[in-house]
Amino acid sequence: MSTMNKRNLLLCFDAFGTLFTPKSSVARQYVQVASQCGITSLTQDELQPHLLAAIHQERRRNPNYGKDTGLGATRWWTNVIQATFKPLIPDGQPLPPTLVPELMRRFASSQGYDAVPNLIPTIRAFRQEKARRGFEQLVIGVVSNSDDRVPGILSSFGLSVSPLRYGTPGAPPEKEYDIDFHCMSYDVGVEKPDARIFRAAETMLSRVIAGRAGRAPSPAELGRWQKVHVGDEYAKDVVGAARAGWKPVLLDVGDEFSHVPTLGDWPPESETMFMVDTVQGGIHLDAKLQDFISKLPDETHRLLSIGCKVEGIEVLQCGEFVVNEYPEIVFKTGYYRKGLIEEQWKRVKEAAESPTEKQLGPVVAPQSMFRLGDGSVVIAEERLSSDPDRQHQEV
């Protein structure tokens with residue numbers, strides 16, 4: 001493979017909920033530590049609302065874990081702990097002197113968190129050449145909405161963690177680590193889904209490359225890096241990465257986002273695919289319209305599904321849009337589980353071919369279907385006439 005054709009991968013992970021999770025609920029651990037420090041008879045249910053209120057209050061007073069006001073994360077969490085427990089102990093009684101240090105220590109290491117199963121072997125497996133699947137170079141980073149505890153927590157699990165953080169001075173390390181850099185909202189000043197935190201990660205990529213190669217990478221070299229972000233929150237990790245032009249991967253352990261396609265649902269092609277099928281009497285999509293749709297970025301289709309506007313398109317409602325020059329066609333976009341769309345399309349074709357068969361339901365308006373490069377499906381459907389016997393067949 002020539003140098004110009006080499007592909008490289010920047011693989012970033014969210015931290016909390018993706019790489020590690022609390023051993024038990026935070027409120028429960030607060031109660032356990034308090035009991036060890038001499039505050040007994042507290043329950044998780046009693047403490048939980050006070051903890052949430054204290055965090056909310058401190059965020060309002062000192063944004064970004066105190067970084068923005070010069071307070072700092074340690075003092076920020078100290079304020080939270082004190083505000084949580086003071087209403088729960090008798091007036092005038094001081095907090096045990098060991099309470100704050102014990103809680104700070106617990107939630108800065110593996111004492112308070114469990115690594116996701118097989119974290120270390122999985123991260124290290126990415127470094128093996130056979131796992132890179134054609135990528136010449138690999139850089140692994142963490143992009144997290146968090147304070148500055150993440151590197152220490154990951155180190156406590158046994159991972160080799162680079163000291164490289166966004167905003168920190170010093171020469172970039174020359175060697176590879178399990179985690180090559182950290183890009184935390186505490187250092188960047190913005191949180192996901194803000195695209196600026198992903199731009200900050202791209203800056204860190206440049207620093208890592210410079211450390212390995214001994215020189216800053218050129219724009220052309222940076223352009224050969226594919227950027228992937230893995231996280232467990234759709235609104236922050238998936239939407240944020242997509243807006244920044246990255247490829248998002250959703251870690252959905254609880255199966256909460258069944259509408260989002262799995263990797264198995266995605267088409268192998270990276271480009272938009274046109275005209276999977278057309279029913280009898282289907283819509284004629286001229287070359288100009290096909291060209292217009294093909295040039296819409298994947299992000300546009302994702303944003304359309306939550307009701308945003310883009311140039312040349314008018315959003316009718318969540319999940320539907322029209323191209324202004326084609327008012328007679330409604331485009332419905334969304335994600336569907338593998339198999340569901342195929343079954344629906346079979347029914348659409350059968351209904352168009354045999355409209356008199358009652359078991360097929362109402363007559364379906366002429367439609368054409370597309371599967372886009374981001375895994376979403378678009379149904380192009382003619383607007384129905386005023387005839388009450390013609391109804392939408394919802395996908």
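Mentor: A helix here is a DSSP run of H or I that holds at least four residues, and helices are numbered from the N terminus. Leu205 lies in one of them, helix H8. The model is predicted, and the values below are computed from it.

Trainee: How many helices and strands are in the chain?

Mentor: The chain has 13 helices and 13 strands. It has 395 residues, and buried residues make up 46% of them. About 19,900 Å² is exposed, of which carbon and sulfur atoms supply 51%. Among contacts with a separation of 6 or more, 64% join residues 24 or more positions apart.

Trainee: What span is expected for H8, and what does the helix reach?

Mentor: The reference is a rise of 1.5 Å a residue. Helix H8 runs over residues 195-213, 19 residues in total, and from first C-alpha to last it reaches 27 Å, close to the expected 27 Å. Just after H8, Gly214 takes a positive phi of about 80°.

Trainee: Which residues of H8 are buried?

Mentor: Start with the general pattern. An α-helix has 3.6 residues a turn, so residues three or four places apart point the same way. In H8 the buried residues include Ile197, Ala201, Leu205 and Val208. Others on that list are Phe198, Glu202, Arg207 and Gly211.

Trainee: Is Leu205 buried or exposed?

Mentor: Leu205 has a relative accessible area of 1%, so it is buried, the cut-off being under 20%. Setting aside neighbours within four places in sequence, its contacts are Leu10, Val139, Phe181, Leu222 and Trp225. Pro217 is 12 residues from Leu205 in sequence, with 9.5 Å from C-alpha to C-alpha.

Trainee: Next, H3. What covers its buried residues?

Mentor: First the helix itself: H3 spans residues 73-85, has 13 residues and reaches 19 Å, close to the 18 Å expected. Its buried residues include Trp76, Trp77, Val80, Ile81 and Phe85. The cover over the buried residues of H3 includes helix H1 (26-36), helix H2 (44-61), helix H4 (99-106) and helix H7 (185-188).

Trainee: Now a strand. How many residues of E1 are buried?

Mentor: In a regular strand the side chains alternate between the two faces of the sheet. Strand E1, residues 7-13, is mostly covered, with six of its seven residues buried.

Trainee: In which sense do E1 and E4 pair?

Mentor: They pair in the parallel sense, over seven bridges, E4 being residues 135-144. Strand E6, residues 225-231, also pairs with E1 in the parallel sense, over six bridges. Leu9 shows both pairings: it stands opposite Leu138 in E4, and its bridge partner in E6 is Gln226.

Trainee: How many disulfides does the structure hold?

Mentor: The test is a distance between cysteine sulfur atoms, and the structure holds zero disulfides. Take Cys12: the closest cysteine sulfur belongs to Cys183 and is 7.7 Å away, which is too far for a bond, because a disulfide needs the sulfur atoms within 2.5 Å. Seen from the other end, Cys183 is in no disulfide either, with the sulfur of Cys12 its nearest at 7.7 Å. Cys12 has 0% relative accessibility and therefore counts as buried. Cys183 is also at 0% and counts as buried.

Trainee: How many aromatic pairs are there?

Mentor: A pair of aromatic rings is described by the distance of the centres and the angle of the planes. The count comes to 12 aromatic pairs. In one of them, the rings of Phe16 and Phe20 have centres 4.8 Å apart and planes at 75°, so that pair is edge-to-face. Phe20 is buried at a relative accessible area of 0%, whereas Phe16 is partly exposed at 23%.

Trainee: What aromatic pair do Phe16 and Tyr113 form?

Mentor: An edge-to-face one, with 5.7 Å centre to centre and 65° between the planes. Phe16 lies in the loop between E1 and strand E2 (20-22), and Tyr113 lies in strand E3 (residues 113-115), so the pair ties together parts that are 97 residues apart in sequence. Tyr113 is buried, at a relative accessible area of 5%.

Trainee: Which residues do ring pairs link into a cluster?

Mentor: The cluster consists of Phe16, Phe20, Tyr30, Phe85, Phe107, Tyr113 and Phe157. Phe85 is also one of the buried residues of H3.

Key: Residues are numbered from 1 along each chain as its sequence is written. This is a predicted model: local features need pLDDT of at least 70, side-chain atom pairs count only at pLDDT 80 or more; totals for chains, interfaces and linings use all residues. Side-chain values use heavy atoms; hydrogens and water are left out. Helices (H or I, at least four residues) and strands (E, at least two) are DSSP runs, numbered from the N terminus. The expected span of a helix is 1.5 Å times one less than its number of residues. Buried means under 20% relative accessible area, exposed over 50%, partly exposed in between (1.4 Å probe, protein chains only). Contact means heavy atoms within 4.5 Å. Accessible areas come from the Shrake-Rupley method with a 1.4 Å probe; for residues, only the protein chains shown count as cover. Two strands pair if DSSP finds at least two bridges between them. Rings of Phe, Tyr and Trp (its six-membered ring) pair if their centres lie within 6.5 Å; planes under 30 degrees apart count as stacked, over 60 as edge-to-face and the rest as tilted.
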